[in-house]
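Reader: I am new to this structure. Please take me through one part of it closely: the aromatic pairs.

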Amino acid sequence: TILIRISFMAEGFSNIILIISSLVFGILIQLIYNSYQKKQLFWLVQYFTTNHIISNMRIEESFPKRIICLTEEFVETLYLLNEQKRIIGISNYVVRPEQARKENIVVCSFIKANTEKILKLNPDLVLGFSDIQADIAQRLIKQGVSVWINNYRSISGIKKMINQLGLIVGKSKESLKIVNDIEKNIKIILDKNLKRSKKPKVYFE
């Protein structure tokens, strides 16, 4: 800027030289600045890449690895999906499959849960059912735990839950097969009983 002001004060040939000099000086400064910026960007990219801050995330990394099941149906479904390795805690009411009680730690009944015990297991997902377990869910959520409460009230809801759980653990195809098998079995039962004159009422809970 100072050189430009001087250039306007000079006369004749010296005026032209000073103008050219100031322009060259300005261009050099800009080139140096641009070069510095590029180096800074290169260093930043290299740092982030080296420290794995920028990485290609795989979808498998999103699936929960440490699941606590507050009710028995989640346990049975995960075993059917061959994903029992993800289970770290179960309900006291779990009966199927039989090995589930031997392989996992009991952390709750249906309406009561040992919050401290659950937190020590460090789950990345807790599965529960309905408003009955809302208080348990609330306590865990306040402690920063991810909780999924399903609220199915019908066979259709159960089938949806199986497919949703399959999506959560990356087994959507397998869960769909389980649901399709359930539907086939229901159809077989219906077909066998269509012609029966006596049709007992069934209580579903």
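Reader: Before that, which pattern does the protein follow, read along the sequence?

Author: A word of caution comes before the pattern. This is a predicted model. Read along the sequence, the protein follows α-α-β-α-β-α-β-α-β-α-β-α-α. That comes to eight helices and five strands. Of the 205 residues of the protein, 29% count as buried. Contacts also reach along the chain. Take those with a separation of 6 or more: 39% of them are between residues 24 or more positions apart.

Now the part you asked for. A pair of aromatic rings is described by the distance of the centres and the angle of the planes. The count of aromatic pairs here comes to two. Phe74 and Trp148 make one of them, with 5.9 Å from centre to centre and 55° between the planes. The pair counts as tilted, because its angle is neither under 30 degrees nor over 60. Phe74 belongs to helix 3, residues 72–80. Trp148 belongs to strand 5, residues 147–150. The two are 74 residues apart, and their pair links distant parts of the chain. Phe74 has 0% relative accessibility, so it counts as buried.

Phe129 and Tyr152 form an aromatic pair too. Their centres are 4.8 Å apart, and their planes are 35° apart. This pair is also tilted. Phe129 sits in strand 4, residues 125–129. Tyr152 sits in the loop between strand 5 and helix 7, which spans 155–168. The partners are 23 residues apart in sequence, so the pair ties those parts together. Both Phe129 and Tyr152 are buried.

Now to the surface. The accessible surface of the protein comes to about 15100 Å², and 60% of this belongs to carbon and sulfur atoms. A nonpolar patch lies there, formed by Ile155, Ile186, Leu190 and Phe204. Together these residues have about 370 Å² of accessible area. Phe204 is found in the segment after helix 8, which covers 172–193. Its relative accessibility is 49%, so Phe204 counts as partly exposed. Phe74, by contrast, is buried.

One more residue is worth a stop. Ala134 lies in helix 6, residues 134–142. Ala134 has 37% relative accessibility and therefore counts as partly exposed. From Ala134 to Ile111 the C-alpha to C-alpha distance is 9.1 Å, and the two are 23 residues apart in sequence.

Definitions and conventions: Residues are numbered from 1 along each chain as its sequence is written. This is a predicted model: local features need pLDDT of at least 70, side-chain atom pairs count only at pLDDT 80 or more; totals for chains, interfaces and linings use all residues. Side-chain values use heavy atoms; hydrogens and water are left out. Rings of Phe, Tyr and Trp (its six-membered ring) pair if their centres lie within 6.5 Å; planes under 30 degrees apart count as stacked, over 60 as edge-to-face and the rest as tilted. Helices (H or I, at least four residues) and strands (E, at least two) are DSSP runs, numbered from the N terminus. Buried means under 20% relative accessible area, exposed over 50%, partly exposed in between (1.4 Å probe, protein chains only). Contact means heavy atoms within 4.5 Å. Accessible areas come from the Shrake-Rupley method with a 1.4 Å probe; for residues, only the protein chains shown count as cover. Patches are made of residues with over 30% relative accessible area and no salt bridge: like charges are joined within 9 Å, nonpolar side chains (Val, Leu, Ile, Met, Phe, Trp, Tyr) within 5 Å. A salt bridge is a side-chain nitrogen of Lys or Arg within 4 Å of a carboxyl oxygen of Asp or Glu.
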